[in-house]
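Here are my notes on the model you sent, set out as numbered points. I have kept to what can be read from the coordinates.

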Amino acid sequence: GGAEELQATLDERTEEELQSLLIDEGQLVALSRHTIRVPGTGREIIGIGILNTGEKTQFQLELSAPRSLQTNRDVPTIQLLYNNQPFALEQQETHTEPLLITVNAGTPLGTYGVDVTIRKTGDPNPYDSPKKIYIVVE
């Protein structure tokens, strides 16, 4: 279903940027963009890259609900579509997950934060320090 369709939508440039961050800079978890600007309503796609530096294992992506930086409340009118199923990575293998952000009508203008956490299956600790995505609704 949806995860395969999403995967196809990450463009080659985004893939290359993520590979560079992971391989060249040695980041364990990388985002193609940290700030996403959406005019009122719309959809944006970003990539989340993971590099496994340890033995083969399963990883899982966790995202917090979008939260207003102005009111500190969760916002149900912003939807995040991503693969929340575990995926296996070999040692030194990289993997890219697309994240589709949909801002629906009725979303107040402002900035919303989302925490991105990657965990190894069965490990309560984050694989890398959680990353922050900012969605700016203009």
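1. How many bridges join strand 3 to strand 8, and in which sense do the two strands run? In this predicted model, strand 3 and strand 8 run antiparallel and are joined by 10 bridges. One of the places where this pairing can be inspected is Gly47, which stands opposite Pro98 in strand 8.

2. The pairing of strand 3 with strand 8 belongs to an open sheet of four strands, whose order is 1-3-8-6 and whose pairing is antiparallel. Strand 1 (29–31) and strand 6 (78–81) stand at the edges with a single partner strand each, so one side of either strand is left without a neighbour in the sheet. On average, and with direction ignored, neighbouring strands of this sheet are turned by 25° against each other.

3. The pairings that involve the edge strands can be taken one by one. Strand 1 pairs with strand 3 in the antiparallel sense over three bridges, and here Leu31 stands opposite Ile48 in strand 3. Strand 6 pairs with strand 8 (residues 94–103), again in the antiparallel sense, over four bridges, with Leu80 standing opposite Ile101 in strand 8.

4. Helix 2 (residues 12–24) lies across strand 1, strand 3 (42–51) and strand 8, and it runs at about 30° to strand 3. Thr14, which is found in helix 2, is a useful residue from which to look at this packing. Leaving aside neighbours within four places in sequence, Thr14 is in contact with Ser32 and Gly47, and Gly47 is the residue that stands opposite Pro98 in strand 8. The C-alpha atoms of Thr14 and Leu31 are separated by 9.5 Å, although the two residues are 17 residues apart along the chain.

5. Is Thr14 buried or exposed? Its relative accessibility is 15%, and because the cut-off for a buried residue is under 20%, Thr14 counts as buried. The side chain of Thr14 also makes a polar contact, at 2.6 Å, with the side chain of Asp11.

6. On the nonpolar interior, the general expectation is that in soluble globular proteins nonpolar side chains tend to be buried together. The largest nonpolar core in this model has 26 residues, and those with the most contacts inside it are Ile48, Ile78, Leu99, Ile101, Ile118, Ile133 and Ile135. Strand 9 (residues 110–120) gives the most to this core, with four residues. Apart from it lies another core, of five residues, among them Leu18, Leu21, Leu22 and Leu51.

7. Ile135 deserves a separate look. When residues up to four places away in sequence are not counted, Ile135 touches Ile36, Val38, Ile78, Leu80, Ile101, Val103, Gly110, Thr111, Tyr112 and Val114. Two of the residues on that list, Leu80 and Ile101, are also the pair that stand opposite each other between strand 6 and strand 8.

8. The structure holds eight salt bridges, of which I comment on a few. In helix 2, Glu17 and Arg13 are four residues apart and therefore separated by about one helical turn, and their side chains meet in a salt bridge (3.2 Å, N to O). Glu17 counts as partly exposed at 33% relative accessibility, whereas Arg13 is exposed, with a relative accessible area of 59%.

9. A salt bridge also joins Arg37 to Glu138, the closest N and O atoms being 2.9 Å apart. This pair links distant parts of the chain, with Arg37 in strand 2 (residues 35–38) and Glu138 in the segment after strand 10 (131–137), 101 residues apart. Arg37 counts as partly exposed at 48% relative accessibility, as does Glu138 at 49%. In a further salt bridge, between Asp74 and Arg67, the closest N and O atoms are 2.9 Å apart.

10. Finally, consider Asn52, which lies in the loop between strand 3 and strand 4 (57–63). At 0% relative accessibility, Asn52 counts as buried, and its side chain reaches the backbone oxygen of Glu90 at 3.3 Å. Not counting residues up to four places away in sequence, Asn52 touches Thr57, Phe59, Leu89, Glu90, Gln91, Gln92, Glu93 and Tyr127.

How values were computed:
Residues are numbered from 1 along each chain as its sequence is written. This is a predicted model: local features need pLDDT of at least 70, side-chain atom pairs count only at pLDDT 80 or more; totals for chains, interfaces and linings use all residues. Side-chain values use heavy atoms; hydrogens and water are left out. Two strands pair if DSSP finds at least two bridges between them. Axes are lines fitted to C-alpha atoms, for helices over the stretch in contact, and angles run from 0 to 180 degrees between N-to-C directions. Contact means heavy atoms within 4.5 Å. A nonpolar core is a set of buried Ala, Val, Leu, Ile, Met, Phe, Trp, Tyr and Cys residues joined through side-chain atoms within 4.5 Å. Buried means under 20% relative accessible area, exposed over 50%, partly exposed in between (1.4 Å probe, protein chains only). A polar contact is a pair of N or O atoms within 3.5 Å; within protein, one must be able to donate a hydrogen and the other to accept it, and residues adjacent in sequence count only if both atoms are side-chain atoms. A salt bridge is a side-chain nitrogen of Lys or Arg within 4 Å of a carboxyl oxygen of Asp or Glu.
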